[in-house]
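Subject: Structure for you to look at

Dear colleague,

I am handing over the structure below, together with some notes on what was found in it. Please keep it open beside this message while you read.

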Amino acid sequence: VGDEIKLDTNITEELMEEGVARDVIRAIQDARKTEKLEPHDEIKIEMHSDNQDIINKYSEMIKSPTGVSDIVFKEGQHIYTVEIGGSTGTTFSIVR
């Protein structure tokens, strides 16, 4: 009784970057479902992003659970959009 727990609710740069990576993972998983891909189907991603440095930094974290063998950054029209912090500056397409 009387014990207090203090939580640090500050979002560090690292936490923000991991959140971007998780948003990308979620979007790729949703796109795989939309395209009716099986878990064992390996894919490549063509992507344009305002967060390219973060995505490169966390590329292994993104690739592993999504079955992505390669992420290529490429301008152009992409099918899927990733909303990150209210911004839609990341788009991608699945290449089989």
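A good place to begin is D23, which touches V82, E83 and I84 when residues up to four places away in sequence are left aside. Please bear in mind throughout that this is a predicted model. D23 lies in helix α1, and its C-alpha is 6.9 Å from that of V82, although the two residues are 59 apart in sequence. Is D23 buried or exposed? Its relative accessibility is 19%, and because buried means under 20%, D23 counts as buried.

The strand that holds V82 deserves a closer look. In β3, Y80, V82 and I84 form a covered face, whereas T81 and E83 form an uncovered one. As a general matter, the side chains of a regular strand alternate between the two faces of the sheet. β3 pairs with β4 in the antiparallel sense, over 4 bridges, and I84 has S87 of β4 as its bridge partner. The hairpin made by these two strands has 2 residues between them, and G85 takes a positive phi there, near 60°.

Moving out to the whole sheet, you will find that it is open, with 4 strands in the order β2-β1-β4-β3 and with mixed pairing. β2 and β3 stand at the edges with a single partner strand each, so one side of each has no neighbour in the sheet. From one strand to the next, the twist averages 30°. In contrast to the antiparallel hairpin, β1 and β2 pair in the parallel sense, over 5 bridges, and E46 stands opposite V72 in β2.

Two helices can be described against this sheet. α1 lies across β1, β2, β3 and β4, and runs at about 150° to β3, while α3 packs on the sheet by touching β1 and β2, with its direction making about 135° with that of β2.

How do these helices sit relative to each other, and at what angle do α1 and α3 pack? The angle is about 25°, and their axes are 9 Å apart; because angles under 35 degrees count as roughly parallel, α1 and α3 are described as roughly parallel to each other. The crossing in which α1 passes α3 is right-handed. On the α1 side, the residues that meet α3 are E18, A21, R22, V24, I25, I28, Q29 and R32, and on the α3 side their counterparts are M61, I62, P65 and T66.

Helix α3 also contains K63, which has a relative accessibility of 17% and therefore counts as buried. Leaving aside residues up to four places away in sequence, K63 touches V68, S69, D70 and I71.

Finally, the largest nonpolar core has 22 residues, and V24, I28, I45, I62 and F92 are those with the most contacts inside it. At least two residues of this core are supplied by each of α1 (13-34), β1 (43-49), α2 (52-57), β2 (68-73), β3 (80-84) and β4 (87-95), and the largest share, 7 residues, comes from α1. V24 brings several of these parts together, since residues up to four places away are again not counted and V24 still touches M47, I55, I62, V82 and I84.

With best wishes

How values were computed
Residues numbered from 1 in each chain as written. Predicted model: local features only at pLDDT ≥ 70, side-chain atom pairs only at ≥ 80, totals over all residues. Heavy atoms only, no water. Core = buried A, V, L, I, M, F, W, Y, C linked by side-chain atoms within 4.5 Å. Buried < 20%, exposed > 50% of the residue type's maximum accessible area, 1.4 Å probe, protein only. Contact = heavy atoms within 4.5 Å. Pairing = 2+ DSSP bridges. Axes fitted to C-alpha atoms, helices over the stretch in contact; angles between N-to-C directions. Parallel < 35°, antiparallel > 145°, perpendicular 65-115°, else oblique. Left-handed = near helix turned anticlockwise from the far one by under 90°.
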